[in-house]
Amino acid sequence: MAKNESYYLGEKYNLLAKKQGYRSRAAFKLIQIDKEENILKKNSNIIDLGCAPGGWSQVASERLKGTGSIVGIDILRMPRLKDVEFIQCDLRNFDLSQLKTTIDVVISDIAPNISGVSIVDDANMIDLLEIELSIVDKTLVKGGNFLAKCFQGESLEYLIFNLKKRFNSFKRIKPLASRNISKEIYVLGLNKI
Ligand SMILES: C[S@@+](CC[C@H](N)C(=O)[O-])C[C@H]1O[C@@H](n2cnc3c(N)ncnc32)[C@H](O)[C@@H]1O
């Protein structure tokens, strides 16, 4: 896809988010993934890592319809969202003991600030993924699912290597609302062992 085409597709989702009352166009990435994989079920306990400004938490809240629980974590402030408990914190300093140990789904849209230098960006992404995986190990129930963002390249290899050890299967997903020129990709670990 040409650079311009990718830009206009991004803009299309920005407008759609505004129209439909979502706080980010990222919401459409989770809507597509959930439509295909049905990971956000009623009564689930969900953790949303890197949740601000709140698009994914809105989608999760719509699916749960007041059942289960949603905890969102972000280094930035996030305006209140109904049915979402928000913790403002740098994930790298987060005390995992604050979390329940009966989580059904961990969703993460966290990414480090991009420097443009692949080796640096991959290393920073891997540092965050390492923490995400420790949250998965500590809190996610057997049979639970984990959706994570990473970059095509080293961090993707790192994530897949680790998901193979922990989940029955995994899928790589590039949602339509993710710009083609972006290196970001999502991986879904299904059915924790
Ligand atoms: C792409 S945005 C998430 C968008 C969100 N999923 C939505 O739908 O609105 C990535 C988020 O990760 C957060 N983030 C990046 N590094 C972080 C860190 N070390 N600790 C906590 N949050 C972090 C950023 O502040 C940003 O809000």
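**Close-up views of a predicted protein–ligand model**

**Figure 1. Overall fold of the protein chain in the predicted model.** For 193 residues, a compact globule would have a radius of gyration near 16 Å, and the protein chain agrees with this at 16 Å. Along the principal axes, its C-alpha atoms fill a box of roughly 45 × 35 × 30 Å. The chain holds 5 helices and 7 strands. Read from the N terminus, these elements follow the order α-α-β-α-β-β-β-α-β-α-β-β. Of the 193 residues, 41% are buried. When contacts between residues at least 6 apart in sequence are considered, 65% of them join residues at least 24 apart.

**Figure 2. The shell around the ligand.** The ligand is surrounded by 21 residues, and the closest are Ser24, Ala26, Gly50, Gly55 and Asp109. Helix H2 (26–37) and helix H3 (55–64) are the elements that give two or more residues to this shell. Sorted by class, the shell contains 12 nonpolar, 4 polar and 5 charged residues.

**Figure 3. Helix H4 and its two sides.** H4 has 22 residues, which at 1.5 Å a residue should span 32 Å; the end C-alpha atoms of H4 lie 31 Å apart, in agreement with that value. The buried residues of H4 are Asp121, Asp122, Met125, Leu128, Leu129, Glu132, Leu133, Ile135 and Val136. Seen down the helix axis, these buried residues fall within an arc of 155 degrees, so they line one face of H4. They pack against strand S1 (45–49), S4, S5 and H5. On the other side of H4, the exposed residues are Ile119, Val120, Glu130, Ser134, Asp137 and Lys138.

**Figure 4. Ile119 in helix H4.** Ile119 has 10 other C-beta atoms within 10 Å and is therefore exposed, the limit for an exposed residue being 12 or fewer. Ile119 and Gly153 are 34 residues apart along the chain, and their C-alpha atoms are separated by 9.7 Å.

**Figure 5. Helix H5 and the elements that cover it.** H5 comprises residues 154–166, 13 in number, and reaches 19 Å from its first C-alpha to its last, close to the 18 Å expected at 1.5 Å a residue. Ser155, Leu156, Leu159, Asn162 and Leu163 are the buried residues of this helix. Because they cover an arc of only 135 degrees around the axis, they sit on the same side of H5. Their cover includes H4, strand S5 (140–151), strand S6 (167–173) and strand S7 (184–192). Phe161, Lys164 and Lys165, on the other side of H5, are exposed.

**Figure 6. Ala111 and its contacts.** Ala111 belongs to the loop between strand S4 (103–108) and helix H4 (118–139). With 18 other C-beta atoms within 10 Å, Ala111 is partly exposed; a buried residue would need 20 or more. Leaving aside residues up to four places away in sequence, Ala111 touches Met125, Lys149 and Glu184. Of these contacts, Met125 is one of the buried residues of H4. From Ala111 to Leu129 the C-alpha to C-alpha distance is 9.2 Å, with their positions 18 residues apart in sequence. Leu129 is likewise among the buried residues of H4.

**Figure 7. The cis peptide bond before Pro53.** Most peptide bonds are trans. The bond from Ala52 to Pro53 is cis, and its omega is near 5 degrees. Pro53 is located in the loop between S1 and H3.

**Figure 8. Two asparagines with positive phi, Asn43 and Asn191.** Most residues other than glycine have a negative phi. Asn43 is not a glycine, yet its phi is positive, about 70 degrees. This residue lies in the loop between H2 and S1. Asn43 is exposed, with 10 other C-beta atoms within 10 Å. Asn191 also has a positive phi, near 65 degrees, in a residue other than glycine. Strand S7 contains Asn191. With 13 other C-beta atoms within 10 Å, Asn191 is partly exposed.

Technical notes
Residues are numbered from 1 along each chain as its sequence is written. This is a predicted model: local features need pLDDT of at least 70, side-chain atom pairs count only at pLDDT 80 or more; totals for chains, interfaces and linings use all residues. A residue is near a molecule or strand if its C-beta atom, placed from the backbone, lies within 6 Å of it. Helices (H or I, at least four residues) and strands (E, at least two) are DSSP runs, numbered from the N terminus. Ala, Val, Leu, Ile, Met, Phe, Trp, Tyr, Cys and Pro count as nonpolar, Asp, Glu, Lys and Arg as charged, and the others, Gly among them, as polar. Two residues are in contact if their C-beta atoms, placed from the backbone, lie within 7 Å. The radius of gyration is taken over C-alpha atoms; the globule rule is 2.2 Å times the number of residues to the power 0.38. The expected span of a helix is 1.5 Å times one less than its number of residues. The arc is that of the directions from the helix axis to the C-beta atoms.
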